Amino acid sequence: VIRSAVTGVGSYLPEQVVTNEELSKTVDTSDEWIIERTGIRQRHKARDDEPTSDLATEAARRALADAGRTAADVDMIIVATTTPDMTFPATASIVQRKLGAPVCIAFDVQAVCSGFVYALSVADGFVARGLSKCALVIGAEEMTRLMDWTDRTTCVLFGDGAGAVVVEPREGQGTSADQGILGFALRSDGTKTDLLYVDGGPATTGTVGHLRMAGNQVFRHAVVNIAEAITGACAAAGITVPEVDWFVPHQANQRIIKGVGDRLGLDEHKVISTVAMHANTSAASIPLALDTAIRDGRIRRGDLVLLEAMGGGLTWGACAFRL
Ligand code: ACO
């Protein structure tokens with residue numbers, strides 16, 4: 001088994017910012033309510049002519065540059081998304097064309113907000129089997145396309161963005177001996193599909209549909225499930241929770257992030273939060289938060305990092321790695 005490592009990280013946010021104040025002009029809500037219940041202050045929104053693959057491609061370019069790689073080196077592209085440009089081809093294939101990457105492996109992973117953690121585990125598996133030497137794992141979403149803008153219980157929560165990592169064999173150029181992806185915990189409970197879903201699709205309504213959520217029920221499951229997955233990923237990695245330097249949670253709600261932290265007794269200074277600026281960008285939120293904390297100097301090479309997420313399915317999971 002070949003151990004894989006994260007060798008580059010990048011992200012991209014569309015230019016337009018929508019504040020809570022602006023939303024409160026079109027739907028019955030307020031800046032105070034949104035901040036108090038969610039921690040969200042603003043979200044980014046893609047232009048009409050800016051599909052998910054554009055955000056994904058820019059994040060991928062930045063991650064490749066960070067890893068000292070070019071598109072020509074890429075042998076696998078996995079895009080975690082629940083908002084693909086089209087039903088098919090996979091957004092990964094479109095990103096491949098836009099990047100100018102050579103013929104390689106390219107496909108999408110759909111596990112909603114847990115998509116990035118799931119996709120990373122797939123890349124880790126391909127690298128472990130010697131089937132990939134330079135994989136791009138991208139979380140890219142335009143959740144604003146799925147909003148019912150008359151539903152204040154959902155439309156204030158989500159945003160658009162993309163983040164990407166490069167995954168290579170640990171023995172590759174520029175990597176160190178203790179670096180690498182150490183362990184995963186991945187879960188799904190299909191009895192909970194009705195708590196969080198989109199009410200459309202090609203094989204049901206023939207429409208794209210809108211996001212529907214039983215918010216407080218999702219909330220209740222989130223804290224318990226995520227805490228268990230963190231413990232599970234640490235056990236799989238052979239580390240303890242207190243050893244972790246940085247927790248990079250899926251950014252859905254500051255109260256969920258805090259609830260998980262309290263349950264596990266985490267030092268709040270070790271928990272990265274970008275939900276105020278990005279809102280919930282589903283599969284993009286973890287690599288966006290990871291990139292933010294690397295760029296601002298908090299997370300450094302050699303640090304032990306724990307990623308965790310929960311989303312529609314319900315799906316949830318966690319991953320431990322040393323950067
Ligand atoms: N502005 C003002 N009032 C609102 C708004 C809003 N935007 N949204 C709901 N309310 C009202 C409700 O109508 C309700 O009013 P009522 O008491 O008159 O019926 C009241 O606020 C309280 O509603 P609750 O749903 O009980 O509020 P809660 O404190 O649970 O917060 C929230 C709602 C923010 C959705 C919360 O449940 C939550 O964050 N849940 C988890 C959702 C989540 O993060 N999902 C994503 C995880 S998975 C993924 O990322 C896809």
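Let's start inside the fold: leaving aside residues up to four places away in sequence, Ile 138 touches Ala 56, Ala 59, Ala 60, Ile 78, Val 79, Ala 80, Val 95, Ala 162 and Ala 164. Touching, or being in contact, is taken here as C-beta atoms, placed from the backbone, lying within 7 Å.

A word on the source: this is a predicted model, where local features need pLDDT of at least 70, side-chain atom pairs count only at pLDDT 80 or more, and totals for chains, interfaces and linings use all residues. Numbering runs from 1 along each chain as its sequence is written.

Ile 138 also turns up in the largest nonpolar core, which has 105 residues. Such a core is a set of buried Ala, Val, Leu, Ile, Met, Phe, Trp, Tyr and Cys residues joined through C-beta atoms within 7 Å, with buried meaning 20 or more other C-beta atoms within 10 Å of a residue's own, exposed 12 or fewer, and partly exposed in between. Ile 78, Leu 136, Val 137, Ile 138, Ala 233 and Val 248 have the most contacts inside this core. Helix H7 (residues 215-237) gives it the largest share, nine residues, and the core draws at least three residues from each of domain 1 and domain 2.

Those two domains are 4-169 and 180-322, with bounds from an automatic or database domain assignment. Their centres, taken over C-alpha atoms, are 14 Å apart. In all, 46 residues of domain 1 are in contact with 42 residues of domain 2. On the domain 1 side, H5 supplies the largest share, seven residues.

Now for the ligand. Its shell holds 24 residues, the closest being Thr 29, Cys 113, Gly 215, Phe 219 and Ala 252; a residue is near if its C-beta atom, placed from the backbone, lies within 6 Å. Both domains give residues to this shell, so the ligand lies between them.

Here are the two sets by class, with Ala, Val, Leu, Ile, Met, Phe, Trp, Tyr, Cys and Pro as nonpolar, Asp, Glu, Lys and Arg as charged, and the others, Gly among them, as polar.

| Set | Nonpolar | Polar | Charged |
|---|---|---|---|
| Side of domain 1 that touches domain 2 | 21 residues | 19 residues | six residues |
| Shell around the ligand | twelve residues | ten residues | two residues |

Finally, Asp 73 sits in the loop between helix H3 (52-67) and strand S4 (76-80). Asp 73 is partly exposed because 17 other C-beta atoms lie within 10 Å.

Note on methods. Helices (H or I, at least four residues) and strands (E, at least two) are DSSP runs, numbered from the N terminus. Two residues are in contact if their C-beta atoms, placed from the backbone, lie within 7 Å.
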